[in-house]
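Here is a protein with its ligand. Each label below is tested against its cut-off.

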Amino acid sequence: MIKKSPKDLVPMFFNDTSNSYDKIVNYTTFGKDSFWKHKILEQLSAEKTVLDLACGTGILTKQIAEKLPHAEIMGVDVTKNYLEKAKEKLISFQKVSFVNQDAEKLDLGKKFDCITASYLPKYCISDVLVKNCINHLNDGGKMVLHDFTYPKNKLVQKLWDFYFKVLYLIGFFIPNWKQVFLDLPNLIKTTNWVEDYKETMKNYGLKIHTQDLTWGSSTIIVGTKIV
Ligand SMILES: C[S@@+](CC[C@H](N)C(=O)[O-])C[C@H]1O[C@@H](n2cnc3c(N)ncnc32)[C@H](O)[C@@H]1O
């Protein structure tokens with residue numbers, strides 16, 4: 001069997017799941033997705049331009065637009081179905097635009113005060129994504145990366161493993177999500193995204209700060225482009 005790379009999983013996970021994504025991410029994280037997005041939003045204060053990479057259905061994009069009503073916000077995603085949902089959700093937000101692009105080939109011709117990315121880092125090569133973000137960041141701007149992590153505590157690991165076994169069984173009743181519930185735990189357990197991105201961001205001269213959330217089941221890394 002050919003081993004799937006994280007990037008290969010993107011179309012498998014996202015081509016047929018946009019209609020139910022908002023409900024699934026809320027229920028399967030027991031509402032923690034909202035808490036994690038709240039922690040991302042805490043990093044924003046008075047930015048005038050924000051890029052939300054891998055914006056998906058626009059959950060975070062909308063929250064950014066509500067927090068910073070005067071900011072120009074752009075959402076980018078590689079999956080067209082997800083982007084369509086985001087466009088529907090933010091139709092009344094005049095200062096929000098969307099672009100269908102691969103974050104690893106990012107070329108927007110403009111720079112931003114902040115770049116957010118929730119649930120993207122594990123699918124990308126850190127060196128490529130960080131370099132692209134730096135090229136799209138104003139001096140003094142920051143990138144806020146968030147994704148799942150495998151908890152370090154042994155007891156929490158047991159609960160986490162058990163929970164994904166349950167999700168796998170639930171997947172038999174939600175066919176579009178079966179592949180996600182099957183492959184996602186292995187991806188989270190094998191990715192080294194936190195260490196990879198920390199090292200890459202340091203190498204590119206960013207000042208970094210890390211926040212572990214909810215018993216180590218997700219992490220935020222903030223990197224600031226020092227002037
Ligand atoms: C789990 S969804 C997260 C959506 C949104 N950030 C959120 O937090 O609700 C992951 C998204 O990442 C997008 N994605 C994955 N790899 C990407 C890439 N290389 N460039 C742009 N989008 C990507 C997928 O298309 C999908 O919409």
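Q: Which helix gives the most to the shell around the ligand?
A: Helix H1, residues 6-14, does, with 3 residues. Note that the model is predicted.

Q: Which of the residues around the ligand come nearest?
A: The shell holds 19 residues, and the nearest are Lys37, Ala54, Asp77, Thr79 and Ala103. A residue counts as near when one of its heavy atoms lies within 4 Å.

Q: What makes the pair between the ligand and the side chain of Thr79 a polar contact?
A: The cut-off for two N or O atoms is 3.5 Å. An oxygen atom of the ligand is 2.5 Å from an N or O atom in the Thr79 side chain. Therefore the pair counts as a polar contact.

Q: How do you know that Asp102 and Val78 make polar contacts with the ligand?
A: The same limit of 3.5 Å applies. For Asp102, a side-chain N or O atom is 2.8 Å from a nitrogen atom of the ligand. For Val78, a polar backbone atom is 3.2 Å from a nitrogen atom of the ligand. Both pairs are within 3.5 Å, so both count.

Q: How much of the ligand's accessible area does the protein cover?
A: The ligand has 590 Å² on its own, and the protein covers 97% of that.

Q: Why is Cys55 not in a disulfide?
A: A disulfide needs two cysteine sulfur atoms within 2.5 Å. The closest cysteine sulfur to that of Cys55 is in Cys124, at 13 Å, so a bond is ruled out by distance.

Q: What about Cys124: why is there no bond to Cys133?
A: Cys133 holds the closest cysteine sulfur, but the distance is 8.8 Å, which is too far. The structure has 0 disulfides.

Q: Why are Cys55 and Cys124 called buried?
A: Buried means under 20% relative accessible area. Cys55 has 6%. Cys124 has 14%. Both values fall under 20%, so both residues are buried.

Q: Why is Phe173 called exposed?
A: Exposed means over 50%. Phe173 has a relative accessible area of 73%, so the label fits. Phe173 sits in the loop between helix H7 (154-170) and helix H8 (175-190). With Leu169 and Phe172, Phe173 makes a nonpolar surface patch of about 390 Å².

Q: What makes Tyr27 exposed?
A: The relative accessible area of Tyr27 is 56%, over the 50% limit, so Tyr27 is exposed. Tyr27 belongs to helix H2, residues 21-28.

Terms used. Residues are numbered from 1 along each chain as its sequence is written. This is a predicted model: local features need pLDDT of at least 70, side-chain atom pairs count only at pLDDT 80 or more; totals for chains, interfaces and linings use all residues. Side-chain values use heavy atoms; hydrogens and water are left out. Helices (H or I, at least four residues) and strands (E, at least two) are DSSP runs, numbered from the N terminus. Buried means under 20% relative accessible area, exposed over 50%, partly exposed in between (1.4 Å probe, protein chains only). Patches are made of residues with over 30% relative accessible area and no salt bridge: like charges are joined within 9 Å, nonpolar side chains (Val, Leu, Ile, Met, Phe, Trp, Tyr) within 5 Å. Accessible areas come from the Shrake-Rupley method with a 1.4 Å probe; for residues, only the protein chains shown count as cover. A salt bridge is a side-chain nitrogen of Lys or Arg within 4 Å of a carboxyl oxygen of Asp or Glu. A polar contact is a pair of N or O atoms within 3.5 Å; within protein, one must be able to donate a hydrogen and the other to accept it, and residues adjacent in sequence count only if both atoms are side-chain atoms.
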